[in-house]
Amino acid sequence: MVHQSPATRPALPPKALAQHELEALKSVRMNSRDRALIAVLSMCGLRVSEACSLTVDNIDWSTDTPSLRFADKRGKERIVPLNPEVQDVLREWLESRRFSDSEYVFCNLRNGQRLSRKTVWAALKTCAQRAGIRHVHPHMLRHTFGTDLADRDVPVERIKDLMGHASIETASIYISVSEEQKRRSIDRIDRRSRLSRWWSRQKNRNYRFFARSRVEMGKTVGRDGELCQLTDNLSKGIDTLVLGPIGVGKSHLLALLDAENALVVKTLSPVKEALINIAKELHKIGRLCPDGPDFETIKKQHTRTTIQGWTDMVLGSVEKNEFVLIVDDLSDMTTSVGRLIDKLNRKFTIIAALPEVRKPHEKHFWKFDRVEIEHLSTTDAKKLIRQCAAGANIEDYPMTETRVLQQSAGNPRAVIEIMERLRKEPAVTRSAVRDVSHTGARDQIDLTFAVVLILLFVVAARFFMRGIGSMEGYVLAGIGSAILVGIRFFMYRFKR
């Protein structure tokens with residue numbers, strides 16, 4: 001008897017579902033998320049971890065051949081075309097899910113967070129029991145995908161590329177295959193009639209999915225000049241403020257900046273929490289205690305460390321102008337945040353976004369270059385509307401475009417939110433367009449000065465009434481003062 005070594009012993013054939021079992025699994029009653037999940041696992045060959053990590057930005061609808069673009073478990077980019085059946089179930093799930101702002105494609109139905117492997121196993125087990133299939137696990141669907149490709153005489157190099165294997169013998173050799181070859185390989189798995197496949201392609205040809213407050217990543221509308229200026233300032237290490245009203249796309253521009261040495265934080269308030277977040281980012285890249293424990297242990301060890309202590313720890317971990325600190329939102333600017341900016345600016349190049357710079361905080365930004373962003377022009381707003389409306393069933397597009405322009409005033413977020421609301425309708429009728437409205441883009445009037453002026457007048461009237469001995473007038477003036485103080489408090493609170 002000849003004994004084979006582990007290196008030469010042939011691998012056992014993977015367990016895969018028979019075609020009738022897969023069809024039975026897909027035909028059972030389930031929610032749209034599980035249906036889309038099973039389709040992606042069985043007809044795209046994703047690992048369960050890859051499906052759980054899949055984000056909306058990983059779905060590329062921008063070409064005639066929509067595809068998934070993501071990093072596999074080895075960190076290498078993997079591109080898997082979507083056949084029309086997968087496009088249909090994905091579109092149905094994305095348009096119906098409750099948490100439309102979740103970045104993950106397959107989110108938890110209760111809280112919108114990333115789906116866990118345990119939840120995927122449980123969902124598949126439930127569907128398999130309903131279909132009368134035993135011992136089904138997510139990786140079997142991946143094996144089913146590979147087996148189906150092999151049964152249809154797809155070349156082994158193409159199978160290797162589609163499934164994300166390093167090589168035929170699981171080594172690390174990448175063989176590229178043209179997008180057209182990939183599309184044809186995937187399309188052959190869709191066993192529906194030719195008419196059904198053709199109709200799916202027509203519906204999905206120009207489809208775009210926009211989550212709440214999200215424009216297509218990697219693209220801008222009417223912001224090319226501002227993006228070029230930001231990129232130029234980034235390359236030169238120039239501190240920059242991105243200024244503009246709410247919803248004009250400041251955060252989107254910052255997200256498009258490509259810098260290997262960038263640290264991104266949401267805000268700098270509260271100050272101590274912001275410093276801890278910066279320290280955490282530095283620890284991830286090995287600059288904060290490179291040979292020390294994990295960050296949670298470091299955080300527990302410094303529970304009583306002051307703001308100054310965390311500041312010294314962060315500044316002591318970097319060299320001058322070594323990193324760029326990108327702050328997504330400085331709208332909650334305070335004196336303490338201003339002092340922190342002054343300290344961080346000694347070592348970091350700072351690029352931050354905020355609606356406007358108030359006079360008390362001017363001294364903290366005197367050397368910052370300023371990139372001001374306005375509402376979109378009519379031409380650019382129409383272009384964004386066309387992008388958002390792609391694939392929607394709109395009865396009267398000119399009327400819809402005019403209505404959206406009126407309600408949004410060229411504010412990109414308002415355009416996207418209005419179109420998202422309309423897309424939820426089975427058909428965008430004239431009546432639905434007439435009923436849609438949006439207040440976010442309307443000009444806001446600052447009544448602070450008027451309220452303070454009236455308050456001073458009421459206080460003066462109160463003293464006057466006391467001086468002339470009118471107790472009724474004195475009491476009324478006191479009540480008016482209390483009301484105005486309350487109005488001022490709530491105005492400040494909502495403004496923040």
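Me: In which strand does glutamate 77 lie, and is glutamate 77 buried or exposed?
Reply: Happy to start there, with the reminder that this is a predicted model. Glutamate 77 belongs to strand β3. Residues count as exposed over 50% relative accessible area. Glutamate 77 has 55% relative accessibility, so the label that applies is exposed.

Me: How far apart in space are glutamate 77 and glycine 164, C-alpha to C-alpha?
Reply: In sequence, 87 residues separate glutamate 77 from glycine 164. In space, the C-alpha to C-alpha distance for this pair is 9.0 Å.

Me: Which strands are the edge strands of the open sheet of three strands?
Reply: The strand order in this open sheet is β1-β2-β3, and the pairing is antiparallel. An edge strand here pairs on one side only, and that holds for β1 (59–60) and β3 (77–81).

Me: Nice. In β2, what is the bridge partner of aspartate 60?
Reply: Two bridges join β1 to strand β2 (residues 67–71), in the antiparallel sense. For aspartate 60, the partner in β2 is serine 67.

Me: Just after β3 there is a loop to look at. Which backbone nitrogens does the side chain of asparagine 83 reach?
Reply: Asparagine 83 sits in the loop between β3 and α4. Its relative accessibility is 0%, so asparagine 83 counts as buried. A polar atom of the asparagine 83 side chain lies 3.0 Å from the backbone nitrogen of glutamate 85. At 3.0 Å, the side chain also reaches the backbone nitrogen of valine 86.

Me: Let's turn to a helix. How far apart are the end C-alpha atoms of α2?
Reply: Helix α2 covers residues 32–44, which makes 13 residues. At 1.5 Å a residue, the helix should span 18 Å. The model agrees with that expectation, with the end C-alpha atoms separated by 17 Å.

Me: What flanks α2, and what is the phi of the glycine that follows α2?
Reply: At the start of α2, asparagine 31 brings a side-chain oxygen to within 3.2 Å of the backbone nitrogen of arginine 33. After α2 comes glycine 45, and its phi is positive, near 70°.

Me: How many of the 13 residues of α2 are buried?
Reply: The buried residues include Ser32, Arg33 and Asp34, along with Leu37, Ile38 and Val40. The helix is largely enclosed by the rest of the structure, because the number of its residues that are buried is twelve.

Me: Which element gives the largest share of the largest nonpolar core?
Reply: This core has 51 residues, and Leu25, Leu46, Leu68, Leu90, Val105 and Phe106 touch the most other members. Among the elements that give two or more residues to this core are α1 (19–27), β2, α4 (84–96) and α5 (117–131). With eight residues, the largest share comes from α2.

Me: α2 ends in a cysteine. How many disulfides does a search of the whole structure find?
Reply: A disulfide is a covalent bond between the sulfur atoms of two cysteines. Cysteine 44 is buried, with a relative accessible area of 0%, whereas cysteine 228 counts as exposed at 55%. Searching the whole structure for disulfides gives a count of zero.

Me: Now to β6. Which residues cover the two faces of strand β6?
Reply: In a regular strand the side chains alternate between the two faces of the sheet. Strand β6 (residues 324–327) has both faces covered, with all four of the following buried: Val324 and Ile326 on one side, and Leu325 and Val327 on the other.

Me: Which residue in β7 stands opposite isoleucine 326?
Reply: β6 pairs in the parallel sense with strand β5 (residues 262–265) over four bridges, where leucine 263 has leucine 325 as its bridge partner. Strand β7 (residues 349–354) also pairs with β6 in the parallel sense over four bridges. Together, β6, helix α15 (residues 335–344) and β7 make a right-handed β-α-β unit. Opposite isoleucine 326, in β7, stands isoleucine 351.

Me: Some backbone geometry to finish. What is the omega of the peptide bond from serine 269 to proline 270?
Reply: Proline 270 lies in the loop between β5 and α12 (271–284). The bond from serine 269 to proline 270 is cis, with omega near -5°.

Me: And what is the phi of asparagine 321?
Reply: Asparagine 321 is in the loop between α14 (307–315) and β6, and is partly exposed with a relative accessible area of 45%. Although asparagine 321 is not a glycine, its phi is positive, at about 60°.

Key. Residues numbered from 1 in each chain as written. Predicted model: local features only at pLDDT ≥ 70, side-chain atom pairs only at ≥ 80, totals over all residues. Heavy atoms only, no water. Expected span 1.5 Å × (residues − 1). Buried < 20%, exposed > 50% of the residue type's maximum accessible area, 1.4 Å probe, protein only. Polar contact = N/O pair within 3.5 Å; in protein donor to acceptor, adjacent residues only side chain to side chain. Disulfide = S-S within 2.5 Å. Pairing = 2+ DSSP bridges. Right-handed = clockwise from strand over helix to strand, strands pointing away. Core = buried A, V, L, I, M, F, W, Y, C linked by side-chain atoms within 4.5 Å.
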